[in-house]
Amino acid sequence: MSEAARSLLQRWGASFRKGTDFDSWGQLVEAIDEYQILARHLQKEAQSQPNNSEFTEDQKKTLAKIATCLELRSAALQGPFRKQESTQSQEEFKLEDLKKLEPILKNILSYNKEFPFDVQPVPPRKILAPGEEEDLEFEEDEEEGGAGAGSPDAFPARIPGANEGTLLPRLPSEPGMTLLTIKIEKIGLKDAGQCIDPYITVSVKDLNGIDLTPVQDTPVASRKEDTYVHFNVDIEIQKHVEKLTKGAAIFFEFKHYKPKKRFTSTKCFAFMEMDEIKPGPIVIELYKKPTDFKRKKLQLLTKKPLYLHLHQTLHKE
């Protein structure tokens, strides 16, 4: 086993145990956080290129199935609050079932038995490595100009259920703690009308770019008008403001579907730092991709006065 594979398996194993511990203790919000973050990491590895992975294709299929089970358990804990996107069986996925997967994950390099549950990997959006999008989109303006002439309805949805987004309900309130709701109102883009199935991925990252909360996708934009794409959707940040680590930031990645390439691409991103959390409207600048979660090499998308328009509401008991 390579050192890289050993390190990955140790991290995943620790995250798995942390999630199941929270689950068994009845700390459901924390369990959901841990399950969704781990599922995302496993899905990302399952999508990696053969020459850029420590795992075989069969092992990656098993990782993707484990990710599906984590999502199913997470959905079971959320109960009626969240619309189920999965086409898998809606029967509740139990904690004791999930615990059966820990030894499979731990011994993934030697595991060669049939997977214990009849699940299929959730078809994810294509995840592109930093820089890969630039190589694929050097003709973006020309291509999008052509695509924009057609109706977005002429193209298939990204994945089943993707148009509805993956938004989560507000966390339970706690005495003395603050919850944050961010309404994404609109984003200004020079070619707003040409974007197909546009949506925004919202994540909360620490200074090292590590997820601090589950990642959420908005539904596809409600309308496009002149140089604006309108969303008017509320995002419930999945951690109390006081519990966010120093230096954390909230990221907004604007994504759209590229029919000729048959994948979803990040067009630009924006972020909001902790000192910008305050009630009321705020406009934040847009930056060129790839998304720089560590905020080290930022380049403005345009010199034009085009921004992401947000409105913040703080809830405190």
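In this predicted model, a search of the whole structure finds two cavities of 30 Å³ or more. The second largest of these has a volume of about 30 Å³. Its lining is formed by I187, I200, F252, E253, F254, F269, A270, L286 and L308. By class, eight of the lining residues of the second largest cavity are nonpolar, none is polar and one is charged. Strand 6 (249-258) and strand 7 (263-273) each contribute at least two residues to this lining. Strand 6 provides the largest share, three residues.

A separate topic is the packing of two helices. Helix 2 (residues 28-46) packs against helix 3 (residues 57-78) at an angle of about 155 degrees, and their axes lie 8 Å apart. Because angles over 145 degrees count as roughly antiparallel, helix 2 is described as roughly antiparallel to helix 3. The crossing of the two helices is left-handed. On the side of helix 2, the contact is made by L28, A31, I32, Y35, Q36, L38, A39, L42, Q43, E45 and A46. Helix 3 takes part through K60, L63, A64, I66, A67, L70, E71, R73, S74, L77 and Q78. The residues of this contact comprise 14 nonpolar, four polar and four charged.

The residue classes of the two sites are set out below.

| Site | Nonpolar residues | Polar residues | Charged residues |
|---|---|---|---|
| Contact of helix 2 with helix 3 | 14 nonpolar | four polar | four charged |
| Lining of the second largest cavity | eight nonpolar | no polar | one charged |

Key
Residues numbered from 1 in each chain as written. Predicted model: local features only at pLDDT ≥ 70, side-chain atom pairs only at ≥ 80, totals over all residues. Heavy atoms only, no water. Axes fitted to C-alpha atoms, helices over the stretch in contact; angles between N-to-C directions. Helix = DSSP H or I, 4+ residues; strand = E, 2+ residues; numbered from the N terminus. Parallel < 35°, antiparallel > 145°, perpendicular 65-115°, else oblique. Left-handed = near helix turned anticlockwise from the far one by under 90°. Contact = heavy atoms within 4.5 Å. Nonpolar A, V, L, I, M, F, W, Y, C, P; charged D, E, K, R; others polar. 1 Å grid on protein atoms, 1.4 Å probe; cavity = no way out; pocket = protein on both sides within 12 Å on 5 of 7 lines; lining within 4 Å. Points joined across faces, edges and corners; volume = space filled by probe spheres on them.
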